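The questions below go through one protein chain, from its overall build to single residues. Each answer ends on the item asked for.

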Amino acid sequence: MARTKSEPTRILILGGGYVGLYTALGLQRKLRSGEASVTVVDPQPHMTYQPFLPEAAAGAIEPRHVVVPLRRTLKRCHVITARASKIEHARKVVTIEAPDGHLEELGYDILVVALGSVARLLPIPGLAECGVAFKTIGEAIYLRNHVLTKLDQADSTLDPDLRRKLLTFTFVGGGFAGIEALGELEDMARFATQYYKNISPDDLRFVLVEAAGRVLPEVRESLGVYTVMQLEKRGIEVYLSTLAKSFENGHVVLSDGTEFDSDTIVWTAGVKSNPVLAASDLPLTKQGRLRASASMRVEGLTDAWTAGDCAAVPDLSRTPDDPTAICAPNAQNAVRQARLLAKNIVKAMRGGEPKDYFHKNLGSVASLGLHKGVGDIMNFKAKGFIAWSMHRAYHVKAMPTFNRKVRITLDWLTGGLFRREVISMGQINDPKAEFARVSKG
């Protein structure tokens, strides 16, 4: 049915992550009453601030505080909990799949693609069955309870081989996600051993496997070397330039011939664009990201926009030296792109010219556990407590909503006063197991 000119412009945002949330927030602040309707579609009813997942997994932050409820925050937007399955821009229609499995078509006038990225799995035997990724709050909660449950099981078993397997924790991927998850969870597990009579810190075995010859490629090489040295001082085994060949039945086989059993395998070896993009008629790069202009319009279109991990936005700070440079898929770019994206959409709707995105990378900081970190900020090398403090300050500033900033800060303060909780609630990973057991009599 044809729309009348008096009807508001329909803006459809696919994805409720960094870009989706910040773009919707900007639009609901800037749009005049009746000027446009904004709909946000995401499989989850919340946005997850992923840089805080390691601290949520380690118990330094309450997991509920690192997620932002979309409906509560986007009061002037329509939030649909569903998964986009197909984009047909020629028809200006997106097919979505609801939680109950039924399909529905949504029409739009302006499309914002903010689908982000998903874990990039490789065809390694046993990975799908034994591995767990580290991109969602559910995975962070699962890993926390899983690690502590393994300590409980190891404390009571009499089988030395099983005990060794239970206390071996393997992390694959030496980027920020892998290093921070490893650092925080190792710190938590080591702290927890004081409450176990039969487990000492020396019984724990943490292993990092990285295919490249260094870790943390986002910082200068000397800081990557420093990070490896700090991890090894804590007894963590680091395998560089090493591939994982198999994880079948928890038996880890590496390309250098190393073999061992591990009951915990965390996969953080890279991401890829959301596969929904492949089921669209939008222009993609060879890597599967959406082709975009510097103003974040999808290449060749005036009514489709994109930003964040799924977008190949030119990096104007580097294009003079490298004309093909695109913005790195990180939170620093995603948040800044989204804030400008909302302004650009409103400006274009009102006949103005959108502004190009330009941001020079300020650097990166990573946590290596409590009071430990590493950072490369504006050519300044930070290590230890200073880098850790900078990491916390930056990310609490970037955390959406004042509500969440306060809650996270209070978590840190109470944790400093009373120390972190190391209680295993592993039953939530299989809540019906006990009910099923007693039902059998």
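Helices are DSSP runs of at least four residues and strands are runs of at least two, both numbered from the N terminus. The model discussed here is predicted.

Q: In which loop is Lys 92 found?
A: Helices and strands are numbered from the N terminus, so a loop can be named by the elements on its two sides. Strand E6 covers 83-88 and strand E7 covers 93-97. Lys 92 is in the loop between E6 and E7.

Q: What is the phi of Lys 92?
A: Most residues other than glycine have a negative phi. Lys 92 is not a glycine, yet its phi is positive, at about 55°.

Q: Does Lys 92 count as buried, partly exposed or exposed, and which value decides it?
A: Buried means under 20% relative accessible area and exposed means over 50%, with partly exposed in between. Lys 92 has a relative accessibility of 28%, so it counts as partly exposed.

Q: Is Ala 90 buried or exposed?
A: Ala 90 is found in the loop between strand E6 and strand E7. The cut-off for an exposed residue is over 50% relative accessible area. Ala 90 has 74% relative accessibility, and therefore counts as exposed.

Q: What distance separates the C-alpha atoms of Ala 90 and Ser 280?
A: Along the chain, Ala 90 and Ser 280 are 190 residues apart. In space, their C-alpha atoms are separated by 9.7 Å.

Q: Which residue in the loop between strand E15 and strand E16 has a phi near 55°?
A: Strand E15 covers 244-246 and strand E16 covers 251-254. The residue in question counts as exposed because its relative accessibility is 69%. Its phi is positive although it is a residue other than glycine. It is Asn 249.

Q: Is Thr 264 buried or exposed?
A: Thr 264 lies in strand E18, which covers residues 264-267. The limit for a buried residue is under 20% relative accessible area. Thr 264 has a relative accessible area of 2%, so it is buried.

Q: Which residues does Thr 264 touch, leaving out those up to four places away in sequence?
A: Thr 264 and Leu 167 are 97 residues apart in sequence, with their C-alpha atoms 8.5 Å apart. A contact requires heavy atoms within 4.5 Å. The residues touched by Thr 264 are Leu 143, His 146, Lys 150, Thr 168, Phe 169 and Thr 170.

Q: Is Leu 31 buried or exposed?
A: Leu 31 lies in a loop, between helix H1 (18-30) and strand E2 (36-42). Outside four places in sequence, Leu 31 is in contact with Ile 11, Ala 36, Val 38, Arg 76, Val 346, Met 349 and Arg 350. Its relative accessibility is 6%, so Leu 31 counts as buried.

Q: How many Å apart are Leu 31 and Ser 241, C-alpha to C-alpha?
A: In sequence, Leu 31 and Ser 241 are 210 residues apart. In space, the C-alpha to C-alpha distance is 51 Å.

Q: What is the C-alpha distance between Arg 10 and Leu 111?
A: Arg 10 is found in strand E1 (residues 9-14). Arg 10 counts as partly exposed because its relative accessibility is 30%. Arg 10 and Leu 111 are 101 residues apart in sequence, and their C-alpha atoms are 8.6 Å apart.

Q: Which annotation covers residues 10-325?
A: Over residues 10-325 the chain is 27% helix and 27% strand. The end C-alpha atoms of this stretch are 33 Å apart. According to an unreviewed UniProt entry, the annotation is "domain: FAD/NAD(P)-binding".

Q: What radius of gyration does the protein chain have?
A: The protein chain has 12 helices and 25 strands. Its C-alpha atoms fill a box of roughly 75 × 65 × 45 Å along the principal axes. With 441 residues, a compact globule would have a radius of gyration near 22 Å, which agrees with the chain's 23 Å.

Q: What share of the 441 residues counts as buried?
A: The protein chain exposes about 21,200 Å², of which carbon and sulfur atoms supply 55%. The share of residues that count as buried is 52%.

Definitions and conventions: Residues numbered from 1 in each chain as written. Predicted model: local features only at pLDDT ≥ 70, side-chain atom pairs only at ≥ 80, totals over all residues. Heavy atoms only, no water. Rg over C-alpha atoms; globule rule 2.2 N^0.38 Å. Buried < 20%, exposed > 50% of the residue type's maximum accessible area, 1.4 Å probe, protein only. Areas by Shrake-Rupley, 256 points an atom, 1.4 Å probe, with all protein chains shown as cover. UniProt positions renumbered as here; feature names shortened; annotations may be inferred.
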